[in-house]
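Colleague: I should like to learn how to read the features of a model in a systematic way. May we take them one at a time?

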Amino acid sequence: MRIKRWFRSLEPRVLAELDRPWLAWAKPWLDRHDLFAFNRRPLAMGVALGLFCGLIPGPLQVAATIVACSVLRANVVAGVVATFYTNPITIIPLYIAAFHIGERLLPGSYTLPPFGDATIGSAEWISAMYAWVQSLGWPIVVGLPVMALGFAVTGYWLVNFLWLRPVVARLKRMRLRRSATSL
């Protein structure tokens with residue numbers, strides 16, 4: 001219950017940020033209620049879209065999430081925050097998992113190429129990562145959307161479950177009280 005109240009207290013503050021002069025050009029586009037609503041459906045959709053777009057390669061994750069959230073009327077804040085599960089530390093294990101998913105779905109035999117010896121965060125690491133991703137081939141092309149869809153569906157249902165859990169518990173308590181008073 002406290003989390004719901006906290007989320008709902010964020011909504012007026014986020015909407016107030018839209019009144020800034022540098023956002024005036026985007027106000028008609030961003031001034032839809034669901035884009036910054038901290039209710040169950042927009043929040044769940046935002047998390048799902050953020051988890052899906054989080055596996056988009058490169059710096060397009062946040063931009064794709066904002067566009068997808070605005071088209072599908074989902075919470076932009078939740079979507080953008082959900083994209084941050086991918087970072088320089090987690091991207092390699094996620095891409096390896098996506099490669100193995102694609103490998104299982106595609107006919108034939110594929111081997112995972114080794115990653116270079118570059119230090120994380122250096123310029124050599126970025127070029128080594130780019131070369132490694134290119135060498136992954138079709139398994140990564142197939143595995144990334146499948147894994148992203150799995151993350152999105154799981155995130156959507158998890159937010160719905162966590163949001164509705166107190167409601168279902170309260171409904172059960174009310175039924176128990178009603179049955180106890182009718183005896």
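Modeller: We shall go from the whole chain to a helix contact, and then to single residues and ring pairs. Please keep in mind that this is a predicted model.

Colleague: Which secondary structure elements does the chain contain, and in what pattern do they follow one another along the sequence?

Modeller: The usual start is to list the elements in order. Here the chain has eight helices and zero strands, and its pattern along the sequence is α-α-α-α-α-α-α-α.

Colleague: What can be said of burial, surface and contacts for the chain as a whole?

Modeller: A residue counts as buried when its relative accessible area is under 20%. Of the 183 residues in the chain, 36% are buried. The accessible surface amounts to about 11600 Å², and carbon and sulfur atoms supply 70% of that surface. As for contacts with a separation of 6 or more, 69% of them join residues 24 or more positions apart.

Colleague: How should I read the crossing of α3 and α4?

Modeller: One reads a distance, an angle and a handedness. Helix α3 covers residues 40-53 and helix α4 covers residues 61-72; their axes come within 9 Å and cross at roughly 145°. The angle is taken between N-to-C directions. The crossing of these helices is right-handed.

Colleague: Which residues meet where α3 and α4 are in contact?

Modeller: From α3 the participants are R41, M45, G46, L49, G50 and C53, and from α4 they are Q61, A64, T65, A68, C69 and L72. Sorted by class, this contact has seven nonpolar, four polar and one charged residues.

Colleague: Is G46 buried or exposed?

Modeller: Burial is judged from relative accessibility. G46, a residue of helix α3, has 0% relative accessibility and therefore counts as buried, as this lies under 20%.

Colleague: What does G46 contact, apart from its neighbours within four places in sequence?

Modeller: Its contacts beyond that range are C69, A74, N75, A78 and G79. C69 is also among the α4 residues that meet α3. For N75, which is 29 residues from G46 along the chain, the separation of the C-alpha atoms is 4.6 Å.

Colleague: How many aromatic pairs does the structure hold, and how is their geometry described?

Modeller: There are two aromatic pairs. One reads the distance between ring centres together with the angle between planes. For Y85 and F151, the centres are 5.7 Å apart and the planes stand at 80°; the pair is edge-to-face because this angle is over 60 degrees. Y85 is in the loop between α5 (76-82) and α6 (91-105), whereas F151 is in helix α8 (residues 138-182), so the pair ties together parts that are 66 residues apart in sequence. F151 is partly exposed, with a relative accessible area of 27%.

The rings of Y156 and W157 have centres 5.3 Å apart and planes at 85°, so this pair is edge-to-face as well. Y156 is partly exposed at 21% relative accessibility, while W157 is exposed at 54%.

Colleague: Where does E103 lie, and what does it contact beyond its neighbours within four places in sequence?

Modeller: E103 belongs to helix α6 and, with a relative accessible area of 21%, is partly exposed. Outside those neighbours, E103 is in contact with Y110 and P139. The C-alpha atoms of E103 and G143 are 7.6 Å apart, with their positions 40 residues apart along the chain.

Methods: Residues numbered from 1 in each chain as written. Predicted model: local features only at pLDDT ≥ 70, side-chain atom pairs only at ≥ 80, totals over all residues. Heavy atoms only, no water. Axes fitted to C-alpha atoms, helices over the stretch in contact; angles between N-to-C directions. Helix = DSSP H or I, 4+ residues; strand = E, 2+ residues; numbered from the N terminus. Left-handed = near helix turned anticlockwise from the far one by under 90°. Contact = heavy atoms within 4.5 Å. Nonpolar A, V, L, I, M, F, W, Y, C, P; charged D, E, K, R; others polar. Buried < 20%, exposed > 50% of the residue type's maximum accessible area, 1.4 Å probe, protein only. Areas by Shrake-Rupley, 256 points an atom, 1.4 Å probe, with all protein chains shown as cover. Phe/Tyr/Trp six-rings, centres within 6.5 Å; stacked < 30°, edge-to-face > 60°.
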